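Student: I have a new model to study. Can we go through the terms one by one and see what each rests on?

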Amino acid sequence: MDTNKNNKSTFIGAKRVWTFFLLLISLNTFAQAKLDGSLDSLPLDENIRYGQLKNGFTYYIKSLSEPQSKLQMNLYVRAGSNHAEKDEINISHAVEHLAFKATKNFPEGIGQSEEIKDVGMTIYDLQAFSGSKYTEYFFNAPGNNKKALKTGLTYFKDIVDGLLLTDEDIEVVRGELRQEYLLKIQDPNKIEADTRLTSSIYPCSHDHTNFLSQQAKMDPQTVRAFYEDFYRPDLMAISVIGTIRDIDQLETLIKKAFDDLNNPKNPKKPKNCDSLYFKRPQQFFTIERKTDPSKLVPNKKVNFHLFYRDPETFYSWSNSQGLKKLMLTDLLVELLVRRFADISKGCSLFCIQNASLYEEDMLAGLLIEAEADNDLYKVAFQEIQKGLTQLEKHGISEEEFQQLKQSYSRNALSYRGEDPRYWKEQIFSHFVLGEALPAQKKQMQKDFIDNLSLRKFNDYLKSFLSTGPDDIGIIAPTGSEALNLQEDQVRSWIEEQKKGPVEEFVYSEASNTLLRPEQVKNLNKNVHYKVKSKANDIKEYHLENGLRLVIQSVEPESEMDKGKVVINGFSRKGVCTIPQEEYYSAIFAPEIILNSGINGLSKHEVEQQMKEKGLYPGVLSFYVDRKESGVQGFAQVDQLETILQLLYLYITSPNESEKEFQKWKNDKLESFTSSEAVEFYHSIKEKTGDPSITDQFKGRKSLFGSMETTEGIGETDLNEARKYFKYFFGDATDFTIVVSGDFEIDEVTPTLVRYFGNLPSGTSKVTTCTTKTENTLPKGPEIFVVPTPPNFDHKNVKYGWKYIKDTPKSDNWKDQIEVEVLGKLVNIRGWDLRFKQGFAIYDVLVLGELNKKMNRYEISSYLDLMPEQYPAVRNEVHKIFEDLKSDLVSKEDLQQAVQYVASKRHKLYGSPGAIQKRNEQLFDYYKYGQALASPDEMKEYLDSLTPKDMRRLANKFFQDKYLYEFVMKENEL
């Protein structure tokens, strides 16, 4: 399985808008350090048990003092796509997938082995990722389970020297990789243009033009040769992180497992792509990007890629000087983000998309990517260079410098010593990238930042920015004049800025507070309320404006939950009663208002103030749905007042700007990219009578972005949107707000009452929606043929199924848990389609749940299939249902399903996210009348479930009259 690490969102500007984003990126220096004979001048943290066997195999052991539910085991291979030849596309990725097929000790594949089931692990505890310079394998074992530990070591040893790589398995993986590509790539034309550029600039990088046809030609012998060449002890390391009782014993087990492995007699020398890049002369490329027919508005933007090489940092990562240079360049990235954000006035000119310390697959240096309208690319380019020249010639002020250091220390240097993810990141960087990992590394970094002087930082800016960019890449749409640009012409633009006079940068004047004095005074009035205690950790307040406020104190169960606050509120006002001609103005009202700014502050100015408090866009959101509207917020306790001020001002003092509204319209249309998956899911909701228009994603409810919905953007009207935002959120009378967090209730009550109690009330009445759905659901079994969307290159069949059963009592939590467990059991069997039966399926997700909005139980799944495999897969899916009705599930499968439901639904096992889950549970009690049950009650009931209970439920649920199937296929069925 793959973990997609580097998905990047796309910000598309409005008409005549520039978009900038910056990345600071870096690269593996380990191999070069060995070639140069240089050594890490900073000794490795002595709290990590470290060693290297005689065959070169490396190991890291890090024990944590706080109890951990999992033992995180990782295997690293310093080999990725860059190690394959130019015509060997995706070979390293294929080997990564083959690690889940037949191996010496797991002939059926590790994910389907009895050993994994015996120790209570699932396929989700086994993952992998392949990049350009490395491949990484994850084995998350139960803590303090010696059998699981030994199984992980045996599996990792098989990866090093025991993959069978049969022709049959390679053919199956070829299909999996095809499906993965089709599932993940939303804009193939953009990917092809991007990879053509990177493969032109970077040695060893691959061009993904005609990716699928190249993938189809993958030669099994080439796959085996890659494995033999690069999967060897001297290029590999293991890390084990968690609560480890006996480090000596673990070290002995690792040595015993890997000490007898041998390297090839004549090992192939890995290509030193990094040095090859630094030795190249300056480069310039123009790349044509074809139009994506699935976009409502074609992408006519011109993209600039400006590469500033930094070989000095590249060659010194293993010592203190390298760590300091990394921090200096990281400060530069944050500085550029701040300045460009101010120049852009909240994306009126351009937007910052991303900034990070480094991307492990790229090179040391600075990469600036800019996007401009086709007729403004020269102005955009010059604006970038002007900002860089201002820094080079004038540096920054003491005030800005101190703000920069404080922000960096707060966000990048906070202590995470007991977080296993921190140690995983650090060990990865040490082995794969060659980055120093000394004792007290965070403190060392903090001391450097604290003692860094303004003069030294300005000297660094002058030195780093005085030359470059070294490499320039331009991506432009077919027919753009930018494709005719010549290198000397573009570099002359840079020289013009450098040689000419440039004034010092001055930030725009803006208020440093959200509230005006009169608003603060108004909020200071007393708010009357009645208290109704429900339990020691929950209190219910009825405020005088009619709002019901529920406050819940939750003990954090992980580092991630400490100090966290979750806000979740709802009203019973929905869009079902809105006239059709005003419908789109109503559903997009929250987005339009959030884009407008508040209290005379632009969206950009609001976001700047949020950032100073450590808050980022998206932590506060409003949504509207068919029969409800609501608000959601996520913050730390010390940020609570800021997020409450934002909520209060969006409701009471939103800006009104026709200019920002038109910009929102253009941005929304230009950024929209549909997909067959989205349109398929939308059709299923429609055909099963589910009229809801929001979906839950990572705990947040947001508008579902189908093509039909997005096409309605043109019908929106600013005045109507403001009217409906006030209708949905301008009356506190009908609102219930649930606030959960790591706090004492009495400590946060005054602040919460102050802001929620002063929201306006009594402005409108709730119009109740009818419960009748728009579409009457026919009796099953029924199969629906979903039309294929126009302008798509249909390469797959999409197959979905859904069992739908009405529930007489929505508050029966025991029934809900049973359905969730049954859904997980189907999911376990579903993975057999890929790992046992060899179908070309990338991902399998089966959900068993109560659809609270429709008050019905659903068990459903959606699969992407190769057209020729659709009939066979459909037959196998039906067989799963019949088997569950006739046979008893194994105790191991039932235990796996029970643990999954317990962990995911109510976080009974101490995993991160307990505060959010407890908030959702309390929200469901108030919104849908769901019964409240304690974690202990739920755990006890889950543990009481038997295989006979599951067979009984399967016979009750998997009846033809409840079955609905869906297929999106280009040809006749």
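**Reading the model**

Tutor: Start with the overview. The chain has 34 helices and 25 strands. Keep in mind that this is a predicted model. Buried residues account for 59% of its 973 residues. Of the contacts between residues at least 6 apart in sequence, 85% join residues at least 24 apart.

Student: What makes strand β10 largely enclosed by the rest of the structure?

Tutor: Count its residues. β10 covers residues 365-372, and eight of the eight are buried, so the strand is largely enclosed. A residue is buried when its relative accessible area is under 20%.

Student: How do you know that both faces of β10 are covered?

Tutor: Take each side in turn. Gly-365, Leu-367, Glu-369 and Glu-371 lie on one side, and Leu-366, Ile-368, Ala-370 and Ala-372 on the other. All of these are buried.

Student: Why do we say that β9 and β10 pair?

Tutor: Pairing needs at least two bridges. Strand β9 (residues 302-309) and β10 have eight, in the antiparallel sense. So they meet the rule for a pair. One bridge links Val-302 to Ala-372 in β10.

Student: What makes β15 mostly covered?

Tutor: The count again. Strand β15 spans residues 564-571, and eight of its eight residues are buried. Lys-564, Val-566, Asn-568 and Phe-570 are buried on one side. Val-565, Ile-567, Gly-569 and Ser-571 are buried on the other.

Student: Which strands does β15 pair with, and how do you know?

Tutor: Use the two-bridge rule. Eight bridges join β15 to β17 (residues 629-636), and these strands run antiparallel. Here Lys-564 stands opposite Gln-636. Six bridges join β15 to β20 (residues 736-741), also in the antiparallel sense. Ile-567 has Val-739 in β20 as its bridge partner. Both pairs pass the cut-off.

Student: Why are β21 and β23 called edge strands?

Tutor: First, the sheet. Five strands form an open sheet in the order β21-β25-β22-β24-β23, with mixed pairing. β21 (782-785) and β23 (846-851) each have a single partner strand, so one side of each has no neighbour in the sheet. That places them at the edges. From one strand to the next, the twist averages 20°.

Student: What makes β23 and β24 a pair?

Tutor: Six bridges join β23 to β24 (residues 856-865), and at least two are needed. The two strands run antiparallel. Val-846 has Ser-861 in β24 as its bridge partner.

Student: What lies across β22, β23 and β24?

Tutor: Helix α29 does, at about 160° to β23. An angle over 145 degrees counts as roughly antiparallel, so α29 is roughly antiparallel to β23.

Student: Why is α29 called roughly perpendicular to α34?

Tutor: Check the angle. The axes of α29 and helix α34 (residues 947-957) cross at roughly 90° and come within 10 Å. The range for roughly perpendicular is 65 to 115 degrees, so the name fits. Where they meet, α29 brings Glu-818, Val-819, Val-821, Leu-822 and Leu-825. α34 brings Met-950, Arg-952, Leu-953, Ala-954 and Phe-957. These residues divide into eight nonpolar, no polar and two charged.

Student: Which residues have the most contacts inside the largest nonpolar core?

Tutor: They are Phe-156, Ile-238, Phe-258, Trp-801, Val-821 and Phe-958, in a core of 105 residues. Helix α29 (residues 813-835) gives the most to this core, with 11 residues. Apart from it lies another core, of 64 residues, including Tyr-584, Phe-588, Val-606 and Phe-661.

Student: Which residues does Trp-801 touch?

Tutor: Leave out residues up to four places away in sequence. Among those it touches are Val-826, Val-846, Ser-861 and Phe-966.

Student: What makes β2 and β5 edge strands?

Tutor: Six strands form an open sheet in the order β2-β3-β7-β4-β6-β5, with mixed pairing. β2 (48-52) and β5 (126-130) each pair on one side only, and they are the edge strands. The twist averages 15° from one strand to the next. β5 pairs with β6 (residues 135-142) over five bridges in the antiparallel sense. There, Phe-129 stands opposite Glu-136.

Definitions and conventions:
Residues are numbered from 1 along each chain as its sequence is written. This is a predicted model: local features need pLDDT of at least 70, side-chain atom pairs count only at pLDDT 80 or more; totals for chains, interfaces and linings use all residues. Side-chain values use heavy atoms; hydrogens and water are left out. A nonpolar core is a set of buried Ala, Val, Leu, Ile, Met, Phe, Trp, Tyr and Cys residues joined through side-chain atoms within 4.5 Å. Buried means under 20% relative accessible area, exposed over 50%, partly exposed in between (1.4 Å probe, protein chains only). Helices (H or I, at least four residues) and strands (E, at least two) are DSSP runs, numbered from the N terminus. Contact means heavy atoms within 4.5 Å. Axes are lines fitted to C-alpha atoms, for helices over the stretch in contact, and angles run from 0 to 180 degrees between N-to-C directions. Angles under 35 degrees count as roughly parallel, over 145 as roughly antiparallel, 65 to 115 as roughly perpendicular and the rest as oblique. Ala, Val, Leu, Ile, Met, Phe, Trp, Tyr, Cys and Pro count as nonpolar, Asp, Glu, Lys and Arg as charged, and the others, Gly among them, as polar.
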